[in-house]
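Visitor: I would like to learn how such a model is read. Could you walk me through the reasoning?

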Amino acid sequence: MSEVRVRIAPSPTGPLHVGHARTALFNWLFARKSEGKFLLRIEDTDRERSKPEFEQDIVSGLQWLGLYWDEPIVYQSQRLNLYQREAKRLLDMGKAYPCFCSPEELDERRKAMLGRGIAPKYDRRCRHLSQAQRERLIRERPYVLRFAMPLEGEVIFQDIVRGEIRFANRELDDFVLVKSDGFPAYNFACVVDDHDMGITHVLRGEDHISNTPRQLHLYAALGCQPPQFAHLPLLLGSDRTKLSSRHGATSLSEYRKMGILPQAMVNFLALLGWYPKGQKEVMGLDEIIAQFDLSDVRPSGAIFDLEKLLWMNGHYLRQLPTERLAQMLVPYFARQGWMHDPPNRDERDYLMQVTPLVQERMRTLGEAVDLADFFYREPERYDPKAVKWLVKEGVADLLFELSNRLELLTDFGSGQVEATVRRLAAERDVKAAEVIHPTRAAVTGRTEGPSLFHLMAVLGKERCVGRLRKAVRLIQGGALGAAP
């Protein structure tokens, strides 16, 4: 068997979609498992919609995932001579012809066909023009180049994921090869490029199945050996419709900004349509490569489950060393004005104390901002559940007494804070929870979070005493409402 050569061929007309990222990953995994080559082609022949910023988004997204390509990037816009040469060859062989129908004429015929209940497709009228008519019209009108589709027979191909697929030639139209501006249309450029790049396997989304018979006809007309095809299941939203913006974020860059780790995204995307034999979910990259097999890819749609991605990302976040995670949090915290980027020594030391206390509850890097908020800012408001603890009878007195005792501590470690809280509860003959819960509410504004005594030790004596006394003033002044 010749060396496996696969490619990903995005168009820089928008940010890299997570579906395209999944397709790129499957191609990359197949290449690595087969010890073959993974190539990147930028299909930038749409001059109006192709943008440099979208190309950069594609390149940086693939690099972020670790999907590096093995040869220089191929740009379609730099290969126009190749397309022109191959188009002329088809024209000379009588397998292509110029079409002079204007967009307005085509649209009018399309509407008429729909009105008669006929599936619209080109009626081939320019296919039957004489050579003299063509020569005259070429001088007078702009034109496209169309493929002369065989009118009889069928196309049969074996899809690696879906098995045998058939298309009757009569269902296919004489599609455009070269547009009136001289740029190649998708199917033509795709075939010319894949052959020129030596692509052996085309792994792409199932929405390209309808393009395959047209491309196979082109391979045959050009006398080229076609690659093997594998059409991957589309990504679906929770309602089992095609994943779109109405389901939430769809671009890879949005998840990067959210704070998804690349290793979590790779793990998650790998399981969208591929079902490893052991059904294991959390897998390192080497393990994924070792187990990846196209025969384990199922044709049914794969649901993009955001909750599963967040769960998986949380798992990977918890495995990070504290110092590494702290470095990753700096940009998020710096945007809040909590520190410099890079942080100074004091900011870094404090961050190293905060990080392990929020790490266990994080699902994304971005969530750390909310989880760590009270470490950097005095609560401006209290969660309604926290208020219920604060307005209970006797709580103001307990918190004031606790603030006085904490102020006297010379060692404000978590052990000393805990002992002080529990001693006060015992002396007042109340359960420890009757002091712990309102203390948490006063210090953090919340009822949930890291270990109370550890977070208080990190906050320090001055902050904790000040927040306890502020809560007491609010309670006594009736600012928090009446006791339930």
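**Reading the model**

Guide: Start with what is covered. In this predicted model, buried residues make up 51% of the 484 residues.

Visitor: What makes a residue count as buried?

Guide: Its relative accessible area must be under 20%. By that cut-off, 51% of the residues here are buried.

Visitor: How many helices and strands does the protein have?

Guide: There are 21 helices and 12 strands.

Visitor: Why is the protein called more spread out than a compact globule?

Guide: Set two values side by side. The globule rule gives 23 Å for 484 residues, but the radius of gyration is 32 Å, well over that, so the protein is more spread out than a compact globule. Its C-alpha atoms fill a box of roughly 105 × 50 × 40 Å along the principal axes.

Visitor: Which strands pair with β5?

Guide: Strand β4, residues 96-99, pairs with β5 over four bridges. Strand β8, residues 176-178, pairs with β5 over two bridges. Both pairings are antiparallel.

Visitor: How do you know that these count as pairs?

Guide: A pair needs at least two bridges, so four bridges for β4 and two for β8 both qualify. L145 of β5 shows both sides: P98 is its bridge partner, and V178 in β8 stands opposite L145.

Visitor: What makes both faces of β5 covered?

Guide: In a regular strand, side chains alternate between the two faces of the sheet. In β5, residues 144-147, V144 and R146 lie on one side, with L145 and F147 on the other. All four are buried, and both faces are covered.

Technical notes:
Residues numbered from 1 in each chain as written. Predicted model: local features only at pLDDT ≥ 70, side-chain atom pairs only at ≥ 80, totals over all residues. Heavy atoms only, no water. Rg over C-alpha atoms; globule rule 2.2 N^0.38 Å. Buried < 20%, exposed > 50% of the residue type's maximum accessible area, 1.4 Å probe, protein only.
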